Amino acid sequence: MTEMVRKTNAFEIINHWVLAISFFILAISGYGFLFQLEEMNSIFGSFNQMRVIHNWVGVVFAASLFLTLFSYIVEALSVSADDIGWIIRGGGYFSKKAKVPPQGKLNTGQKLYYLVALLTGIAIAAFGFVIWLMPGVKKWILISHLVHNISFDLMVIAIPLHIYLATLANPGTFRIMVYGTVPLEWARKRHEKWLREMGKI
Ligand code: HEM
């Protein structure tokens, strides 16, 4: 039988789904505001209701993002020569011959993605709350809309790339989001250093 290793626990699986679903609701309703899409009324009830849903789902997104700190921040900030090697070799994505240095629980690209998602998420949430809770303060509102929208644009670029890398580009990765486990041989190819740290190989 295939030997499996656990990469993600139940709490992390549920939190990732909360993060992903809340992000999509925020993105759809956000586009509704940006382009004044009346069609969205059939999804959210009314324009006003879409605003209420957007604000409160924003609270869920911010809380879920905060909880990711317990799972990823220590790993994401641990940098070694292997990370530099990963970057120099483009993570092995540009040549079949490229020999990528052994990686920990997250590879360098995943660490960078996590930090981008965290920083843009913090900016979106913080300035979103200013727009929601301080509507009378004009100079804050202008800058808040700008930062809220630019950080959202960065996420709209990063997240489809993340979804592609976590599904089609790396078969076998999506099961982490469902079961939390991966075959030992799959992990040996991608996260050898992590398996060594755990004494699995
Ligand atoms: C349906 C869409 C999504 C899919 C299929 C997906 C898939 C995955 C998978 C399979 C992992 C585990 C990777 C591993 O441990 O090797 C992961 C991790 C992660 N996901 Fe997602 N994800 C989605 C949406 C999102 C969204 C919207 C966000 C952020 C707003 C997000 C943030 C993260 C973060 C921060 C990690 C940990 C770092 C990493 O592994 O890259 N994901 N995702």
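The chain contains nine helices and two strands. The model described here is predicted. In sequence order, the elements follow the pattern β-α-α-α-α-α-α-α-β-α-α. Along the principal axes, the C-alpha atoms fill a box of roughly 60 × 35 × 30 Å.

Three helix pairs were examined for their packing geometry. Helices α1 and α3 pack with their axes 8 Å apart, at an angle of about 145°. Their crossing is left-handed. The residues in the contact of α1 with α3 comprise 15 nonpolar, ten polar and two charged.

Helix α3, which spans residues 47–76, also packs against helix α5, residues 108–133. The axes of α3 and α5 come within 10 Å and cross at roughly 150°. Angles over 145 degrees count as roughly antiparallel, and α3 is therefore roughly antiparallel to α5. The crossing in which α3 passes α5 is left-handed. In the contact of α3 with α5, 17 residues are nonpolar, four are polar and two are charged.

Helix α5 in turn packs against α6, with an angle of about 150° between the two and a distance of 8 Å between their axes. Because of this angle, α5 is roughly antiparallel to α6. The crossing of α5 and α6 is left-handed. The contact of α5 with α6 is made up of 16 nonpolar and eight polar residues, with no charged residues.

The surroundings of the ligand were then considered. There are 19 residues around the ligand, and K7, H16, Q110, Y113 and H162 come nearest. Side chains of three of these residues place an N or O atom at a short listed distance from the ligand. For H16, an N or O atom of the side chain is 2.7 Å from a nitrogen atom of the ligand. For H162, the corresponding distance from a side-chain N or O atom to a ligand nitrogen atom is 2.8 Å. The side chain of Q110 has an N or O atom 2.8 Å from an oxygen atom of the ligand. The elements that contribute two or more residues to the shell around the ligand are α1 (10–34), α3, α5, α6 (138–166) and α7 (175–178). By class, the shell around the ligand consists of 14 nonpolar residues, four polar residues and one charged residue.

Charged side-chain pairs were also counted. The total comes to four salt bridges. One of them is formed by K111 and D83, whose closest N and O atoms are 3.1 Å apart. K111 lies in helix α5, whereas D83 lies in helix α4, which covers residues 81–88. The two residues are 28 residues apart, and the pair links distant parts of the chain.

Notes:
Residues are numbered from 1 along each chain as its sequence is written. This is a predicted model: local features need pLDDT of at least 70, side-chain atom pairs count only at pLDDT 80 or more; totals for chains, interfaces and linings use all residues. Side-chain values use heavy atoms; hydrogens and water are left out. Axes are lines fitted to C-alpha atoms, for helices over the stretch in contact, and angles run from 0 to 180 degrees between N-to-C directions. Helices (H or I, at least four residues) and strands (E, at least two) are DSSP runs, numbered from the N terminus. Angles under 35 degrees count as roughly parallel, over 145 as roughly antiparallel, 65 to 115 as roughly perpendicular and the rest as oblique. A crossing is left-handed if the near helix is turned anticlockwise from the far one by less than a right angle, and right-handed if clockwise. Ala, Val, Leu, Ile, Met, Phe, Trp, Tyr, Cys and Pro count as nonpolar, Asp, Glu, Lys and Arg as charged, and the others, Gly among them, as polar. A residue is near a molecule or strand if one of its heavy atoms lies within 4 Å of it. A polar contact is a pair of N or O atoms within 3.5 Å; within protein, one must be able to donate a hydrogen and the other to accept it, and residues adjacent in sequence count only if both atoms are side-chain atoms.
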